[in-house]
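Please open the model in your viewer and keep the selection tool at hand. The stops below say what to select next and what is there.

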Amino acid sequence: MLAGAQSLIPLMKLRLSRPSALVDLNHVPHSAYIEAHDKHLRIGAMTRHAAIEDSPAAARIPILHDCAAGIADAQVRNMGTIGGSVAEADPNGDWAPVLIALGAEVESIGPGGRRTVPISQFITDAFTTVLGRADLIREIRVPTPGARCAGAYIAFKRCAPVYPTASVAVQVKMVDEDFCEDASVVLGCVGLTPVIAGEAAGALRGQAITPHAIERTAEAAMAAADPQADLRGSVDYKRLLIGALTRRALLAALARARGDHVEVSHEYVGR
Ligand SMILES: Cc1cc2nc3c(=O)[nH]c(=O)nc-3n(C[C@H](O)[C@H](O)[C@H](O)COP(=O)(O)OP(=O)(O)OC[C@H]3O[C@@H](n4cnc5c(N)ncnc54)[C@H](O)[C@@H]3O)c2cc1C
């Protein structure tokens, strides 16, 4: 299946993927759309990152804009698709942590009919999903966040057209300005799949948000991270990044839940 070709063609050039045939999904009608329904934002699999970045409907869930606007550079965003990113399940991909924090679902279609799976269960390992060989992702369904619900996503990158070194998605549901009813903290690039940092979320859930609670959340996120050392940094360095990104994403999410307009952008080396 060929969608935006931003991962598959590089893999074919490296001879890591050698398909005997390619099916170009770009000719499938009504496969790229962003539709706001009562309970969900429905995003067609062939929707480009750039279309989500520019979408007024998606902008109502600012964490989606944080993610779409920060993927690589304009060339990649104009071609790459959300369905391709989710199907690829690259441990360094930007979409999966954000969609898990939002509680999104993936609808696929194949010889066995349609099925809908929470994205937290859809990605099972690095570059591995529950999709069968003949299954296609049709749609990503994002639940519409309620009142006083908000999130933020921040990644740390060496430069724009590369995958992040570490990233954090935070989603909170507040009772009032201070008290958190529910939370989700999901880490990217520090595990074979996105890391759902349950203890970090637990440090917020049912708590008044104090500087101490924010610190406990950051520390729990650092403990949950399971990074590998590589050319982007050591294990300790990536853990420290997770702590810093968790604090920043959480503060942005809390401000948004209060109704403030907060622009979030990724952090880049040397900026
Ligand atoms: C220079 C560069 C930098 C990048 N940086 C980032 C980054 O910072 N963050 C990030 O998240 N991504 C990054 N990417 C990847 C980019 O986001 C890709 O768009 C994405 O990973 C794959 O989407 P695609 O539409 O290009 O899929 P393709 O490359 O066309 O396909 C990828 C895989 O998914 C399968 N597939 C595609 N669509 C479907 C579907 N609907 N159903 C079932 N299977 C499907 C294909 O068969 C293939 O196996 C980068 C890519 C490049 C080239």
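Start with H11, residues 235–257. In this predicted model, the 23 residues of H11 reach 32 Å from the first C-alpha to the last, close to the 33 Å expected at 1.5 Å a residue. Move past the end of the helix to Gly-259, which follows H11 and has a positive phi, near 100°.

Go back into H11 and select Tyr-237 together with Phe-156. These two residues form an aromatic pair, edge-to-face, with 6.5 Å from centre to centre and 80° between the planes. The structure holds one such pair. Phe-156 belongs to strand S8 and Tyr-237 to H11, so the pair ties together parts that are 81 residues apart in sequence. Which of the categories buried, partly exposed and exposed fits Phe-156? With a relative accessibility of 13%, Phe-156 counts as buried. Tyr-237, at 35%, counts as partly exposed.

Keep Tyr-237 shown and add Arg-232, which sits in the loop between H10 and H11. Arg-232 counts as buried because its relative accessibility is 14%, and buried means under 20%. Leaving out residues up to four places away in sequence, Arg-232 touches Asn-92, Arg-158, Tyr-163, Pro-164, Thr-165, Tyr-237 and Lys-238. For a longer view, add Ile-137: Arg-232 and Ile-137 are 95 residues apart in sequence, and their C-alpha atoms are 31 Å apart in space.

From that loop, step back to helix H10, residues 211–224. Its 14 residues should span 20 Å at 1.5 Å a residue, and the end C-alpha atoms are 20 Å apart, which agrees. Colour the buried residues of H10: Ala-213, Ile-214, Thr-217, Ala-218, Ala-220, Ala-221 and Met-222. What covers them? The cover includes strand S10 (179–188), helix H9 (198–202), strand S12 (207–208) and H11.

Next, select the largest nonpolar core. In soluble globular proteins, nonpolar side chains tend to be buried together. This core has 36 residues, and those touching the most other members are Leu-64, Val-86, Trp-95, Leu-99, Ile-119, Ile-140 and Val-142. At least two residues of the core come from each of these elements: strand S2 (40–44), helices H3 (56–59), H4 (62–70), H6 (82–88), H7 (95–101) and H8 (119–122), and strands S7 (136–143) and S8 (149–157). Which element supplies the largest share of this core? It is H7, with six residues.

Centre the view on Leu-64. Not counting residues up to four places away in sequence, Leu-64 touches Leu-41, Ile-52, Ala-58, Trp-95, Val-98, Leu-99 and Leu-102. Apart from this core lies another, of 34 residues, which includes Ala-166, Val-190, Leu-241 and Ile-242.

Turn now to the second largest pocket, which holds about 320 Å³ of space. Of the 17 residues that line this pocket, Pro-62, His-65, Asp-66, Arg-256 and Val-262 lie nearest its centre. H4 gives the largest share of the lining, five residues.

The next selection is Phe-127, in the loop between strand S5 (123–125) and strand S6 (128–129). Is Phe-127 buried or partly exposed? Its relative accessible area is 47%, so Phe-127 is partly exposed. Apart from neighbours within four places in sequence, Phe-127 is in contact with Glu-88, Ala-89, Asp-90 and Pro-91. Glu-35 lies 92 residues away along the chain, and the C-alpha atoms of Phe-127 and Glu-35 are separated by 28 Å.

The last stop concerns backbone angles. Most residues other than glycine have a negative phi. Select Ala-5, in the segment before helix H1 (8–13). Ala-5 has a positive phi, near 70°, and is a residue other than glycine. At 23% relative accessibility, Ala-5 counts as partly exposed. Then select Arg-148, in the loop between S7 and S8. Arg-148 is not a glycine, yet its phi is positive, about 60°. With a relative accessible area of 40%, Arg-148 is partly exposed.

Definitions and conventions
Residues numbered from 1 in each chain as written. Heavy atoms only, no water. Core = buried A, V, L, I, M, F, W, Y, C linked by side-chain atoms within 4.5 Å. Buried < 20%, exposed > 50% of the residue type's maximum accessible area, 1.4 Å probe, protein only. Helix = DSSP H or I, 4+ residues; strand = E, 2+ residues; numbered from the N terminus. Contact = heavy atoms within 4.5 Å. Phe/Tyr/Trp six-rings, centres within 6.5 Å; stacked < 30°, edge-to-face > 60°. Expected span 1.5 Å × (residues − 1). 1 Å grid on protein atoms, 1.4 Å probe; cavity = no way out; pocket = protein on both sides within 12 Å on 5 of 7 lines; lining within 4 Å. Points joined across faces, edges and corners; volume = space filled by probe spheres on them.
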